[in-house]
Amino acid sequence: MTGIADQAWFRDPALGRILALLNADGGEGRMVGGAVRNSLMGLPVNDVDIATTLRPEAVMERAAAAGIKAVPTGLEHGTVTLVIDGKPFEVTTLRTDVETDGRHAKVAFSTDWKADAERRDLTINALYADAKGEVVDLVGGLADIETRNIRFIGDAARRIAEDHLRILRFFRFFAYYGSGRPDAEGLKACSVARSSLTTLSAERVWSELRKLLGAADPGRALLWMRQVAVLTEILPESERWGIDAIPSLITTEKALGWTPDPLLRLAAIVPPDAARMEALAARLKLSNAEAATLKAWAMAAPVNDDMSSAAFERLLYRNGADGITTRLKLALAVARGKAEGDFDEMARSARLIKLLDRAVQWQKPRFPLNGGDVISAGIASGPRVGELLAGLENQWVEENFVSDRAALLARLQERVQ
């Protein structure tokens, strides 16, 4: 039989305590989902989720008797988080769906392992492992693990009708774990139901899309999402712009050791238009920091790769490094994509790398004067203060930041006389 008993995470004493707790007196607990899937695929395991035949109240009672902290993180859905030495384990009672509307589900607690497996989304996510480490497969997930086939459990259209977010999960799991072509039935069902994505909250859609864009290589998933118009449904800005820049961006990331950045990947497939990026951020309810990153990129001035060092310093000062850095990374990915056998593009790539290194290390110079200096020079509070300060700062920048405070104060005196 297939097992995971040799996995380091499975031998964790804390997990052993929880399994002993759940498997006593007629109860049963099994690991489920990501930990089992990743172990079988030879991938790291970060979280361990457990399914149990015990109701959540019984889980909490047993935990209290054993001196284990229990947090009722989702009692209505049967979930209790058990914490040992600061390490959390989510324990969820077996469930069946009573009612679904594509966004929310009403569930009933159960002791039927097969029914619990069949209500899940994908076969590779519905594998259990018992207290001995033996894998229990009730939906054909082991075969799909072997072939890296991402497949809905049972009827794909029905699974999607239960929760429309499963359309995006299908592509996200394909990006992380899939191989070859996506499952034909799943692909068709996602295409047919794509308009249902508009019924979901923006937060759920962006959370799923951000995870997909964070995969080591989301290129194939994005390609298929575009083929069946799912990408256009959630990201219409990508329709005319396309995803052609993604392969060279991924290659560049790997070659230069960049950490996968969902926002950089997003910038690669949408136009650098500030108004459209503001609308996108509002529609998908991006965080303030995420929206600011996209805005900085969209508003940043284009970079001429053969510009002088002084001109580049001025560009950074006036635009900020963040937006310029994003522009340079995308330009570098395009140049590297064209560089094979093209001397000009190879030379351009080298220049862009130097500019990028400078942008990453750049620290903004501090303008030596402030409004108080202007008022001290005899100018009353009002618009004139800002005008004088801005004029001096602009001249200071044009002179490449060389004037010190004394020189600027002298120049200020000349202007107010």
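**Pockets, sheet and salt bridges in a predicted model**

The residues that line the second largest pocket divide into 14 nonpolar, one polar and three charged. I begin with that pocket, and I should say at once that everything I present today comes from a predicted model.

The volume of this second largest pocket is about 330 Å³. Its lining consists of 18 residues, and those closest to the centre are Trp241, Arg327, Leu330, Ala331 and Val334. Three elements each contribute two or more lining residues: helix 14 (262-269), helix 18 (321-338) and helix 19 (343-361). Helix 18 has the largest share of this lining, with five residues.

Let me now turn to the largest pocket. Its volume is about 1600 Å³, and 47 residues line it. How do the residues of this lining divide into nonpolar, polar and charged? There are 14 nonpolar, 14 polar and 19 charged residues. Nearest the centre of the largest pocket lie Asp49, Arg95, Arg120, Asp121 and Arg169.

Which elements supply at least two residues each to the lining of the largest pocket? Among the helices they are helix 2 (34-41), helix 7 (166-177) and helix 9 (202-213). Among the strands they are strand 2 (49-52), strand 5 (87-93), strand 6 (95-100) and strand 7 (105-109). Helix 7 gives the most, namely six residues.

Strand 2 and strand 5 lead me to the sheet. The model contains an open sheet of seven strands in the order 3-4-5-2-1-8-9, and the pairing is mixed. Strand 3 (69-74) and strand 9 (135-136) are the edge strands, each pairing on one side only.

I shall go through several of the pairings, beginning at the edge formed by strand 3. Strand 3 is antiparallel to strand 4 (residues 79-84), with four bridges between the two. Within this pairing, Val71 has Thr81 of strand 4 as its bridge partner. The two strands form a hairpin with four residues between them, and in that hairpin Gly78 adopts a positive phi near 85°.

Further along the sheet, strand 2 and strand 5 run parallel and are joined by four bridges. Here Ile50 has Val91 in strand 5 as its bridge partner. Strand 2 also pairs with strand 1, in the antiparallel sense and over four bridges. In that pairing, Ile50 of strand 2 stands opposite Met31.

Strand 1 (residues 29-32) pairs in turn with strand 8 (residues 128-129), again in the antiparallel sense, over two bridges. The bridge partner of Met31 in strand 8 is Ala129. Helix 2 packs on the sheet, where it touches strand 1, strand 8 and strand 9. The direction of helix 2 makes about 60° with that of strand 1. Helix 2 is thus a link between my two topics: it packs on the sheet, and it is one of the elements that line the largest pocket.

I close with the salt bridges, of which the count is 22. One of them joins Lys285 and Glu203, with the closest N and O atoms 3.7 Å apart. Why does this pair tie together parts that are 82 residues apart in sequence? Lys285 lies in the loop between helix 15 (274-284) and helix 16 (288-299), whereas Glu203 lies in helix 9, so the salt bridge connects those two parts. Helix 9 has appeared before in this presentation, as one of the elements that supply at least two residues to the lining of the largest pocket.

Conventions
Residues are numbered from 1 along each chain as its sequence is written. This is a predicted model: local features need pLDDT of at least 70, side-chain atom pairs count only at pLDDT 80 or more; totals for chains, interfaces and linings use all residues. Side-chain values use heavy atoms; hydrogens and water are left out. On a 1 Å grid over the protein atoms alone, a cavity is a set of points where a 1.4 Å probe fits but cannot get out, and a pocket is an open set with protein on both sides within 12 Å along at least five of seven lines; lining residues have an atom within 4 Å of a point. Grid points are joined across faces, edges and corners, and a volume is the space filled by probe spheres set on the points. Ala, Val, Leu, Ile, Met, Phe, Trp, Tyr, Cys and Pro count as nonpolar, Asp, Glu, Lys and Arg as charged, and the others, Gly among them, as polar. Two strands pair if DSSP finds at least two bridges between them. Contact means heavy atoms within 4.5 Å. Axes are lines fitted to C-alpha atoms, for helices over the stretch in contact, and angles run from 0 to 180 degrees between N-to-C directions. A salt bridge is a side-chain nitrogen of Lys or Arg within 4 Å of a carboxyl oxygen of Asp or Glu.
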